[in-house]
Amino acid sequence: HALVALGPPANLLSRLRLYASASYTIGGQVLSLNEIENGCIRANRKPPGPFSRPYFGREDPRLAFCLPSPPDPRIHFGLNCGAKGCPPIRFYKAENLDASLDRATKGFFGSAEVDEASGEIRVSQILQWYKVDFEDAVQVLPGGAGLKGDAALLHYLVPYLNDEKQEVAKKLIEKHTAKLVFQPYDWGLNSK
């Protein structure tokens, strides 16, 4: 909606300004796009980037809108900022949200590249930016307790790969030759 109402951003800086300034009134409270994503949906976590901090202080009434911590990292494959590197736009309904987020996550990881020869598993930079969300989610998955960094990311993403890629990725992980590579994010405007 913000892209239509305010126009597409011309560059990354104007895109970042858009996320900070485009706002909506929800439950009587004004929330920017950044506050909705990182404050409400991500349980008031710091956004990626230097010098960032949580959006809401202890006394902020908007804390009442925050989802519980840790956030469900599948939201990163359900949100769309209008960039080419984003997941496709989808509409979600409460009655099938869990299945829809699973489909969105599996669809997003469909573009992951698994190269057995080099050991590289190439994925979107989104995983690098929001690593903490994936690390926290892995802690409650079978075999995930204590995993951090790339090991946690691999543990999270492998079940969402298609069967062929999953088989190769598991072999690479078992041989300790898997190398996670983050693909540069395409901030170009997705006009489709």
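Helices here are DSSP runs of at least four residues, numbered from the N terminus. With that settled, helix H8 takes in residues 163-174, and both Glu167 and Lys171 lie in it, 4 residues apart, or about one turn of the helix. The model is a predicted one, and in it the side chains of these two residues, Glu167 and Lys171, meet in a salt bridge, at 4.0 Å from N to O. Lys171 counts as partly exposed because its relative accessibility is 37%, which falls between the 20% and 50% cut-offs. Elsewhere, salt bridges with shared partners tie Arg42, Arg45, Asp133 and Asp136 into one network.

Over the whole structure, the search turns up 12 salt bridges. Arg74 takes part in two of the contacts described here. One is with Asp72, where the closest N and O atoms are 2.6 Å apart. The other is with Asp102, at 3.1 Å from N to O. This second pair links distant parts of the chain: Arg74 belongs to the loop between H3 and H4, whereas Asp102 sits in helix H4, 28 residues apart. As for burial, Arg74 has a relative accessible area of 9%, so this arginine is buried. Its two acidic partners are partly exposed, Asp72 at 29% relative accessibility and Asp102 at 30%.

Turning to the pockets, the largest holds about 1,700 Å³ of space. Its lining runs to 47 residues, and Tyr19, Glu37, Leu79, Asn80 and Cys81 are the closest to the centre. Several elements each supply at least two residues of that lining: helices H1 (2-6), H2 (12-21), H3 (33-41), H4 (97-108) and H5 (126-129), along with strand S1 (23-26). Of these, H3 gives the most, with 6 residues. Sorted by class, the lining of the largest pocket comes out at 34 nonpolar, 9 polar and 4 charged residues.

The second largest pocket offers about 290 Å³ of space. Here the lining is made up of 19 residues, with Lys84, Gly85, Phe108, Ser111 and Ser124 nearest the centre. Strand S4, residues 120-124, provides the largest share of this lining, at 3 residues. The class split for the second largest pocket is 9 nonpolar, 6 polar and 4 charged residues.

Strand S4 also has a partner in the chain. S4 and S5 pair in the parallel sense, over 5 bridges. Within this pairing, Ile121 has Leu180 of S5 as its bridge partner. Strand S5 itself, residues 179-183, has side chains that alternate along its length. Leu180 and Phe182 point to one face and are buried, while Lys179, Val181 and Gln183 point to the other face and are not buried. Leu180 thus appears twice in this part of the model, as the bridge partner of Ile121 and as one of the buried side chains of S5.

Terms used: Residues are numbered from 1 along each chain as its sequence is written. This is a predicted model: local features need pLDDT of at least 70, side-chain atom pairs count only at pLDDT 80 or more; totals for chains, interfaces and linings use all residues. Side-chain values use heavy atoms; hydrogens and water are left out. On a 1 Å grid over the protein atoms alone, a cavity is a set of points where a 1.4 Å probe fits but cannot get out, and a pocket is an open set with protein on both sides within 12 Å along at least five of seven lines; lining residues have an atom within 4 Å of a point. Grid points are joined across faces, edges and corners, and a volume is the space filled by probe spheres set on the points. Ala, Val, Leu, Ile, Met, Phe, Trp, Tyr, Cys and Pro count as nonpolar, Asp, Glu, Lys and Arg as charged, and the others, Gly among them, as polar. Buried means under 20% relative accessible area, exposed over 50%, partly exposed in between (1.4 Å probe, protein chains only). Two strands pair if DSSP finds at least two bridges between them.
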